[in-house]
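Work through these exercises with the structure open beside you. Try each task before you read its solution.

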Amino acid sequence: MGYIGIDLGTSGVKLIFMKKVGVAERQVTKEYPIHHPQAGWSEQDPEDWWQATAEGLRELTEGIEPADIKAIGVSGQMHGLVVVDKKGDVLTPAILWNDQRTDEECEYLNEVIGRDLLTKYTGNMALTGFTAPKILWLKKHKPEVAERAQFFMLPKDYIGYKLTGACFTDVSDASGTLYFNVKERTWSKEMLDVLGISESMLPTVHESYEIAGTVNEQAAVETGLPTGVKVAAGAGDNAAGAVGSAIIDEGTTLVSLGTSGVVFSPQEHYAVDKGNRLHSFCDASGKWHIMGVMLSAAASLKWWVEDVQHGNFDALLAEAEGAPAGSKGLYFLPYLSGERTPHNDPNARGTFAGLSPLHTRADMTRAVLEGVIFALFESVDILKQLHIPFSQVKVIGGGTKSPLWMQILADLFNVRVITAHDPGGPAIGAAILAAVGDGAYQSVQEACGTMDSTDVIYEPKESNHAIYSRMYPLFQKLYVSLKDVFNEMQAIEGKSEER
Ligand SMILES: Nc1ncnc2c1ncn2[C@@H]1O[C@H](COP(=O)(O)OP(=O)(O)O)[C@@H](O)[C@H]1O
Ligand SMILES: O=C(CO)[C@@H](O)[C@H](O)COP(=O)(O)O
């Protein structure tokens, strides 16, 4: 008897089958493409998600007795806008969390509606990746699509819809829309008025661990699952990853090093960072969390390894082992797609600074690894300013495959870093939510208490930390010095696109 967890990531969908809490008995990954039709745009086809998920489910469940599948939980990339018509057909490509096209809409929301009101209504300010500005963009630039829209869904909710025929979401993912009242855990009527949409166009909201539907006949045909299997509401990938890592108590910290980079801090009570530097969201266990998010974490490494070097991860990372801590004074700003925390700047761009004839490819690879962790540390800096306890961190995501990267993280953050042997992350969390929904545990807390996973530990090295401490202020200064240059570059980039 076991539970299926699905994580609809940006690079691909990961599916696991879990019997013992925290342990993936089986796992399958299926990748799909991401499209950038214009600079700063980032889209995927929801049909690709569904095909990959259905195929993955068939592969995952091969040879498993149907009666042994008790329930399914779905987690996924947050904030994306999926637009569906009356018949359930997708009307336009999904606009993703790292898409930057909504600069003007965010300006309207933050300046005209005002950050204070937005924070009062939702706990957050408008950021280009969030869903609300995407709806405004759609209404302005694709009114014919907006008019035919029956439902606005989030990415993982489209999978829930395909599995069950029901349109539902959960509180953690809904938190990233900017039309959800995070404090009250319900849609924000005020924001629906601002956007000019009705609640009937939105999914029904559940706590993450509640059962929201069952697998229908059409889905059974496409996935090989038995009909009637329960489907839990699930969670946004970071909230699900926190459950899958048992990071649900205040004072603990999760780092996710996937396409995005995330510093996640559970909160017992609703809490807002007054400067809106960190997001304030519901978690998947019935409480809240705050988090900082960078847009190109492992995405920066993937770009460097695959697109620039046409190499493979193992070879380039082995080569980078030979480079010294600090990469001989070379800095990398990982702002390939602009940046969210702490700059909220869609115009920021990636940069190598400090190159000399001494630098080799190994130094440049190491500088990419270090630049991502410097950028992530800016969120830790804010946690520290808010006096949030910060000791050791648990890390999940594709970046954990590199021991070198984990050691850099430990050295730069100057804390113990723990990774799970089992790389399930959000998919494990989604399966745990399904188990709680199925009644196998009274609560997420109880399920996490029984977690059985083996850890790998990285302790910080003082000598390396001393190097990074000297470099960090300069890393921060680089963005400040280049901010205006990035804006001017964007003005030119914009003009050259118009030609
Ligand atoms: N051997 C490796 N070492 C470090 N990072 C890796 C390695 N292999 C893949 N990755 C990174 O893992 C990332 C994908 O991580 P994942 O957590 O699956 O992301 P997502 O959930 O966004 O799809 C890729 O962007 C890639 O850079
Ligand atoms: O935008 C956020 C969270 O606010 C991202 O964390 C997305 O949820 C995408 O996650 P990954 O694909 O990198 O896991």
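Helices (H or I, at least four residues) and strands (E, at least two) are DSSP runs, numbered from the N terminus. This is a predicted model: local features need pLDDT of at least 70, side-chain atom pairs count only at pLDDT 80 or more, and totals for chains, interfaces and linings use all residues. Residues are numbered from 1 along each chain as its sequence is written, while chains are lettered from A and ligands numbered from 1 in the order in which they are written.

**Exercise 1. Find which helix supplies the largest share of the shell around ligand 1.**

Step 1. Fix the rule: a residue is near a molecule if its C-beta atom, placed from the backbone, lies within 6 Å of it.
Step 2. Ligand 1 has 18 residues around it, and G9, S11, G258, T259 and G398 come nearest.
Step 3. Two helices, α10 (298-308) and α11 (313-320), each give at least two residues to this shell.
Step 4. The largest share belongs to α10, with four residues.

**Exercise 2. Sort the shells of both ligands by residue class.**

Step 1. Ala, Val, Leu, Ile, Met, Phe, Trp, Tyr, Cys and Pro count as nonpolar; Asp, Glu, Lys and Arg as charged; the others, Gly among them, as polar.
Step 2. Around ligand 1 there are six nonpolar, 10 polar and two charged residues.
Step 3. Ligand 2 is surrounded by 15 residues, the closest being T10, W97, G258, T259 and S260.
Step 4. Its shell divides into four nonpolar, 10 polar and one charged.

**Exercise 3. Decide whether the radius of gyration of the protein agrees with a compact globule.**

Step 1. The radius is taken over C-alpha atoms, and the globule rule is 2.2 Å times the number of residues to the power 0.38.
Step 2. For 499 residues the rule gives a value near 23 Å; the protein has 22 Å, so the two agree.
Step 3. Along its principal axes, the C-alpha trace spans about 65 × 50 × 45 Å.
Step 4. The protein holds 16 helices and 24 strands.

**Exercise 4. How many residues of helix α13 are buried?**

Step 1. A residue is buried if 20 or more other C-beta atoms lie within 10 Å of its own, exposed if 12 or fewer, and partly exposed in between; C-beta atoms are placed from the backbone.
Step 2. Helix α13 covers residues 403-413, and eight of its 11 residues are buried, so the rest of the structure largely encloses it.
Step 3. Among the buried ones are W405, M406, I408 and F413.
Step 4. Just after α13, N414 takes a positive phi of about 60 degrees.
Step 5. For contrast, look at R470 in helix α16 (residues 462-498). R470 is exposed, with 10 other C-beta atoms within 10 Å.

**Exercise 5. Locate unusual backbone geometry.**

Step 1. Most residues other than glycine have a negative phi, and most peptide bonds are trans.
Step 2. H79 has a positive phi, near 70 degrees. H79 sits in the loop between β5 (69-76) and β6 (82-84). H79 counts as buried, with 25 C-beta neighbours inside 10 Å.
Step 3. S327 also has a positive phi, about 45 degrees. The loop between α11 and β20 holds S327. S327 is buried, with 26 other C-beta atoms within 10 Å.
Step 4. T341 and P342 are joined by a cis peptide bond, with omega about 0 degrees. P342 lies in the loop between β20 (331-333) and β21 (351-353).
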